[in-house]
Amino acid sequence: MGIGLEVIETAILDWRKDKTRRGMGHSSIWYLPFYAVLPLAYFQAFSAALFSLPFYLRGPIYILSFWALEYPSMALLRRLLGKSPSEDTYRKSPWSVNGLIRLDLWWAWLCFGFAFEWMFRQLR
């Protein structure tokens, strides 16, 4: 689900630049552990505390939590690969933090958080 959401996000972000309007998204195989395993581990560890909170508090927590996971994950990929797969795109944004996260993508992390929450609740 995480990789699928990543593909949807990149399709949305690239929509204006894509003259064909095909809505093609993309991801990297390197993101699989970060977008598949980490969210499940996160919800497994924190679901009892998170799910008791109202949605308007969970949203900002999801955004900040994903940034806290994304930053070191992309730093690790930078160390392993020379740069993270999305680093070139991230660096073009004025909202980039060291080319590792983008603050303007808060809306994507909000959606990811609630999508993963829904998925996790279905698995329980």
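These legends accompany several close-up views of a predicted model.

**View 1. Confidence along the protein chain.** Welcome to the overview: the protein chain has a mean pLDDT of 85, and 99% of its residues reach 70 or more. Among the elements of the chain, the lowest mean pLDDT, 76, belongs to helix H1, residues 2–14. At the other end of the range, strand S1 (residues 96–97) has the highest, 94.

**View 2. Serine 86 and its contacts.** Here we zoom in on the loop between helix H3 (55–81) and helix H4 (87–91), where serine 86 is placed. Serine 86 has a relative accessible area of 13%, so it counts as buried, the cut-off being under 20%. Leaving aside residues up to four places away in sequence, serine 86 touches Tyr31 and Met74.

**View 3. The cavity and its volume.** The structure holds 1 cavity of 30 Å³ or more. For the largest cavity, the volume comes to about 80 Å³.

**View 4. The lining of the largest cavity.** Take a look around the walls: Phe34, Tyr35, Leu38, Pro39, Phe66, Leu69, Glu70, Ser73, Met74 and Trp109 line the largest cavity. Two or more lining residues come from each of helix H2 (32–51) and H3. H3 gives the most, with 5 residues. By character, the lining divides into 8 nonpolar residues, 1 polar and 1 charged. Met74 may look familiar from View 2: this lining residue is also touched by serine 86.

Notes: Residues are numbered from 1 along each chain as its sequence is written. This is a predicted model: local features need pLDDT of at least 70, side-chain atom pairs count only at pLDDT 80 or more; totals for chains, interfaces and linings use all residues. Side-chain values use heavy atoms; hydrogens and water are left out. pLDDT is the predictor's confidence in each residue, from 0 to 100. Helices (H or I, at least four residues) and strands (E, at least two) are DSSP runs, numbered from the N terminus. Buried means under 20% relative accessible area, exposed over 50%, partly exposed in between (1.4 Å probe, protein chains only). Contact means heavy atoms within 4.5 Å. On a 1 Å grid over the protein atoms alone, a cavity is a set of points where a 1.4 Å probe fits but cannot get out, and a pocket is an open set with protein on both sides within 12 Å along at least five of seven lines; lining residues have an atom within 4 Å of a point. Grid points are joined across faces, edges and corners, and a volume is the space filled by probe spheres set on the points. Ala, Val, Leu, Ile, Met, Phe, Trp, Tyr, Cys and Pro count as nonpolar, Asp, Glu, Lys and Arg as charged, and the others, Gly among them, as polar.
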